[in-house]
2 protein chains.
Amino acid sequence: MEKNFGSLLKKGRKFSVNGSVWIECDGQRFFGPGPVELLDRIRATGSISQAAREMGMSYKKAWEIVNRLNANTKSPLVQTSPGGKNGGGSMISAEAMLLVKQYGELRAHFREFLSRERSKLY
Amino acid sequence: MEKNFGSLLKKGRKFSVNGSVWIECDGQRFFGPGPVELLDRIRATGSISQAAREMGMSYKKAWEIVNRLNANTKSPLVQTSPGGKNGGGSMISAEAMLLVKQYGELRAHFREFLSRERSKLY
């Protein structure tokens, strides 16, 4: 981009570049920052309800995300065991950890992309 | 990304990578696909109402976008002349055309980025 592009703006204002990336499955948004954070918190807490609470997300919404993920994969990404004396627990599969890792790499590349594009603005 | 990442999915389903990019001004979304298309249609039709109609956008919404753009730039990106016998007209400034061009370059780079990331999925 041309230098001094920022000179279009009123004094003191600054341009930047931002964006988001996600993984699609058959053209539908499948995996982005929300599901990644949810899976990561389920991994850490062993509980869908606890993970949802930490994210300020309803339990219903968290289950919708989990069901949508599980509906597209060969084996469930989140496995839940029935509640008993100590309550049920949820854990994420090795495949889910792989997805989280892949998305992390995509995000890292995207941050580099944004950084390059920002440097072209001024 | 590792090859055969797609093997996580049920048979026949395909992963892809998608996303969006925009230009921010002082941390607020300022310029993205919507404003670009609106400016481009104002340029082509000479009319904010015609541009809005073509996009299935309300006249009010189109004006909100125009006002937000104009509020951040040294000189207005969209200039409107009063209606007369032949109705008023709107035109976009040279600075607006520069912004449209810059965003076009950013989008082109982003498409290349997405294409590279997609090729890593399979």
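In this predicted model, Arg29(B) lies over the face of Trp22(B), with 3.7 Å to the ring centre. Chain A has a pairing of this kind too: there, the charged end of Arg29(A) sits over the ring of Trp22(A), 3.7 Å from its centre.

Turning to ring-on-ring contacts, the count over all chains comes to twelve aromatic pairs. One of them brings together Phe110(A) and Phe113(B), whose ring centres are 5.6 Å apart. Their planes meet at 45°, and since stacked pairs need under 30 degrees and edge-to-face pairs over 60, this pair is tilted. Phe110(A) belongs to helix H4 (residues 94-119) of chain A, while Phe113(B) belongs to helix H4 (residues 94-119) of chain B, so the pair joins two chains. Both Phe110(A) and Phe113(B) are buried.

With the two residue numbers swapped between the chains, Phe113(A) and Phe110(B) also make a tilted aromatic pair, at 5.6 Å centre to centre and with 45° between the planes. This pair, too, crosses between chains, running from helix H4 of chain A, which holds Phe113(A), to helix H4 of chain B, which holds Phe110(B). Phe113(A) is buried, and Phe110(B) is buried as well. Aromatic residues also gather in a group: Phe15(A) forms one aromatic cluster with Phe30(B), Phe31(B) and Tyr103(B).

Within chain A, H4(A) also packs against another helix. The axes of H4(A) and helix H1 (residues 33-45) come within 10 Å and cross at roughly 135°. An angle over 145 would count as roughly antiparallel and one of 65 to 115 as roughly perpendicular; H1(A) and H4(A) are therefore oblique to each other. As for handedness, H1(A) passes H4(A) in a left-handed crossing. On the H1(A) side, the contact is made by Pro33(A), Val36(A), Leu39(A) and Arg43(A). Their counterparts on H4(A) are Ala96(A), Met97(A), Val100(A), Tyr103(A) and Arg107(A).

Finally, there is the loop leading into H4 of chain A. Ser93(A) lies in this loop, between strand S4 (90-92) and the helix. With a relative accessible area of 7%, against a cut-off of under 20%, Ser93(A) is buried. Setting aside neighbours within four places in sequence, Ser93(A) is in contact with Pro76(A), Leu77(A) and Gln79(A).

Definitions and conventions
Residues are numbered from 1 along each chain as its sequence is written. Chains are lettered from A and ligands numbered from 1 in the order in which they are written. This is a predicted model: local features need pLDDT of at least 70, side-chain atom pairs count only at pLDDT 80 or more; totals for chains, interfaces and linings use all residues. Side-chain values use heavy atoms; hydrogens and water are left out. Rings of Phe, Tyr and Trp (its six-membered ring) pair if their centres lie within 6.5 Å; planes under 30 degrees apart count as stacked, over 60 as edge-to-face and the rest as tilted. Helices (H or I, at least four residues) and strands (E, at least two) are DSSP runs, numbered from the N terminus. Buried means under 20% relative accessible area, exposed over 50%, partly exposed in between (1.4 Å probe, protein chains only). A charge sits over a ring if NZ of Lys or CZ of Arg is within 6 Å of the ring centre and within 35 degrees of the ring normal. Axes are lines fitted to C-alpha atoms, for helices over the stretch in contact, and angles run from 0 to 180 degrees between N-to-C directions. Angles under 35 degrees count as roughly parallel, over 145 as roughly antiparallel, 65 to 115 as roughly perpendicular and the rest as oblique. A crossing is left-handed if the near helix is turned anticlockwise from the far one by less than a right angle, and right-handed if clockwise. Contact means heavy atoms within 4.5 Å.
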